[in-house]
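I opened this model to look up a few helix packings, some annotated positions and a handful of single residues. My entries follow in the order in which I made them.

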Amino acid sequence: MAEYLKDFPSGPLDQYRKRASFDWKKLKLYLYSEEILQYQHNAYQEFLRHPIFYSESYQTRPLDEQRKIAAKQTMILNNMESLSVANAFANSHFPIIKIKLLMHLNPSTAVKNSISFAMFPSVVQSLGTERHNHYLKASLGGDIIGAYCLTEFGHGSNAKSIQTVATYDRDTKEFILNSPCFEAAKCWAGNLGQTATHTVVYAQLITPDGVNHSLHPFLVNVRDPNTYLPYPGVIVGDMGEKIGLNGVDNGFVMFNNYRIPRTQLLNKTADVAEDGTYVARLRDPSKRYGASLGALSVGRVMIVGICAAYASQALTIAIRYAAIRKQFGPEGEEEISILEYQSHQHRLIPYLSVAYVLDLFSNYLGAVQIEFITEAMTGNDNTADLGLELHAISSSGKPLAGWLVRDAVQECREACAGHGYLKASGLGDLRNNNDANCTYEGENHILIQQTSNWLLKFWPAVMKGEKIDFPLKSVNFLTNAQEILRRKFNFNSFEDVMEPKNILDMYQWLVCFLLRASFEKYETLTKVEKLDPFWAKNESQVFYLKNLAIVYIQHFIIQRVYLTVLNAQDANIKNILTKIVSLYGVWTLEKYLTIFYQGGYASDSRLINFIQTAILTLCKDLKDDAVALVDVIAPPDFLIKSVLGQSDGMVYKHLQNAMFETPGAMSRVNWWKDIKSWKSKL
């Protein structure tokens, strides 16, 4: 592995690297495997062969240039053998590893690449049949460029109210697509603004008998692949500059009596015969629903991986800088690194645990998504429960990841103080690019209700003593909910509270308590106060359903990541990973202290004292390991894109170079005379 795990340059960071309690190379090999490290290494080598993939400039490029670069990089990437779709699917972890690699390379390119060669083809593959195979082949080969259109200007999360309609004409055997108004225009679709030739469009399917069969996916040609001009009946355009991710051409599209062949309905779950008869391929509505939801989870699963990539990059920058930056110290002694301060440890090291936990969890979740797609490809109808559970996990996992990394990047930015405000720090771009993760693929606060609605259905089963069993085991513990709710806080030290098993027990209690409280709140509102179910759920969100969904996904994340800890054979690796999982657990549990007392789980101050002591103890214990820990998850220097986060630790040298090499930094502006004239006219 020497070729893939080379020593870092000797320099100012050595002081911390020598203190590490573990071998960073062994940890990296354990977490990612030799196969994945080779995959990453080959990708990095191919990136370096193309100058378009790296730049010494920290300047903001014009919008059109950003679009052009992202489009060109996307096409080059698809031709790279080491990053090919075939190789990616050879290992179930590779697709999510690939998206993380590309996020470090160029987030806009990563998004375009994932839409073009992952999301679009996977939706066609999951929801289409053999009659769509030629589109799949053309998409994977880059002959057509795909987009995905669900959201409309007037409706996003409320997909049932989408207004675009597809009416079947039995005489011509075509569907007629119409957008009744601007509110019905599809929007925010990546690739659609300037480059997409085809898109999956969700529309209300109406058969000749006038029956609306609700939303169905259609494969729609929007631009001629030879001319890139839109077809008659299609109004398609770009949405303009955004806060971040400006290499992605987000677009809108409207249809005016636009006709497509009947066969362009993606008919995995339902079809329309030539005579206009609606045919449900999956007779069981729950199986049809589960299959559709599982396919729609792809984007959210990818976003969890994207958040993990942003977190690893931000923490690498902030922790390497914290190790180098020296301020103050005991009277008469040398200044000390700001990483030595408790307040700085408390600001950054919990987010380092976030970076690790999200990285490991996203790898697992990505593999599950590939398993689901593979099962769907083989025509397996027994994926309904997996689809439902995956939908619930991704619907809460994506918001949680987005929020955690939003706060992580902001804390990293502030922890680097003034230098962190420079564009050359790389943190501002990370912050702006991550911001989209809190919105796309479902606005977080609305999306998370998908999870809480699913969980709410389990309490009646708990009351009846029924067994709850799902493939990924995220809710199986609810079978014992009544017993779990009888638990009380009985730990005698903060060391007990730090044990991952005990953290999981506390999270199980939280899930069970909030599930019961949420169900009882909902029942009171509907049966006693006679509220409509819609308004009852609306008035059960704050303090109830939202918290329920979050603690559910927190428990599942820790449950899955802890398995990685338990499987470690090297004592030093197991020890460091245990500390990371423990810190993540107690740090996130601190946010729910009031609920523990509200529900009677704890009655004295020990719980608060133990959790707070555990957090500070773990932050201090991990301080000397922090640099080595980011070395494990850091992208290579040419992808880190930060003067503060290079592996050699030469912060001030890189700052100076960035200052001196900024175009015009030490030149007189060509409008200097205007300054004098403006002053004279005041």
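**Entry 1. Ser-33 and the phi values**

I started with Ser-33, which counts as partly exposed because its relative accessibility is 28% (buried is under 20% relative accessible area, exposed over 50% and partly exposed in between, with a 1.4 Å probe and protein chains only). I noted that the model is predicted, that local features need pLDDT of at least 70 and side-chain atom pairs pLDDT 80 or more, and that totals for chains, interfaces and linings use all residues. Residues are numbered from 1 along each chain as its sequence is written, and side-chain values use heavy atoms, without hydrogens and water.

Ser-33 sits in helix α2, residues 24-48 (helices are DSSP runs of H or I with at least four residues, strands are runs of E with at least two, and both are numbered from the N terminus). I looked up its phi and found a positive value of about 75°, although Ser-33 is not a glycine. Most residues other than glycine have a negative phi.

I then found a positive phi, near 50°, at Leu-245, again a residue other than glycine. Leu-245 is in the loop between β7 (234-238) and β8 (251-255). Its relative accessible area is 7%, so I entered Leu-245 as buried.

**Entry 2. α2 against α21**

Two packed helices are described by the angle between their axes and the distance between the axes. I read an angle of about 75° and an axis distance of 10 Å for α2 and helix α21, residues 571-589 (axes are lines fitted to C-alpha atoms, for helices over the stretch in contact, and angles run from 0 to 180 degrees between N-to-C directions). The two helices are therefore roughly perpendicular to each other (under 35 degrees is roughly parallel, over 145 roughly antiparallel, 65 to 115 roughly perpendicular and the rest oblique).

On the α2 side the contact uses Lys-26, Leu-27, Tyr-30 and Leu-31, and on the α21 side Ile-573, Ile-576 and Leu-577 (contact means heavy atoms within 4.5 Å). I sorted these residues by class and have six nonpolar, no polar and one charged (Ala, Val, Leu, Ile, Met, Phe, Trp, Tyr, Cys and Pro count as nonpolar, Asp, Glu, Lys and Arg as charged, and the others, Gly among them, as polar).

**Entry 3. α6 with α3 and α7**

Which angle do the axes of α3 and α6 make where they cross? I found roughly 55°, with the axes of α3 (residues 63-78) and α6 (residues 107-127) coming within 9 Å. That angle makes α3 oblique to α6. The crossing is right-handed (the near helix is turned clockwise from the far one by less than a right angle; anticlockwise would be left-handed). The α3 residues that meet α6 include Ala-70, Gln-73, Thr-74 and Leu-77, and their partners in α6 include Ser-108, Lys-112 and Phe-117. The contact of α3 with α6 has five nonpolar, seven polar and one charged residues.

I next took α6 with helix α7, residues 133-140, whose axes come within 9 Å and cross at roughly 175°. This pair is therefore roughly antiparallel. Ser-116, Phe-117, Phe-120, Pro-121 and Gln-125 of α6 touch Leu-136, Ser-139 and Leu-140 of α7. I entered five nonpolar, three polar and no charged residues for the contact of α6 with α7.

**Entry 4. UniProt positions**

An unreviewed UniProt entry places the feature "active site" at Glu-441 (positions are in the numbering used here, feature names are shortened, and annotations may be inferred rather than shown by experiment). I located Glu-441 in the loop between α13 and α14 (444-456). Glu-441 is partly exposed because its relative accessibility is 26%.

Helix α13, residues 427-435, holds Asn-434. Is Asn-434 buried or exposed? Asn-434 is buried, since its relative accessible area is 2%. Leaving aside neighbours within four places in sequence, I list its contacts as Cys-307, Tyr-310, Gly-402, Val-405 and Arg-406.

The annotation "domain: Acyl-CoA oxidase C-terminal", from the unreviewed UniProt entry, covers residues 500-675. I have 74% helix and 0% strand for that span, with its end C-alpha atoms 64 Å apart.

**Entry 5. Pairs far apart in sequence**

Glu-499 is in the loop between α17 (494-498) and α18 (500-528). I found its C-alpha 9.1 Å from that of Gly-585, with the two positions 86 residues apart in sequence numbering.

Ile-370, in helix α10 (residues 342-377), is buried, as its relative accessible area is 9%. Ile-370 and Ile-96 are 274 residues apart in sequence and 9.5 Å apart in space, C-alpha to C-alpha.
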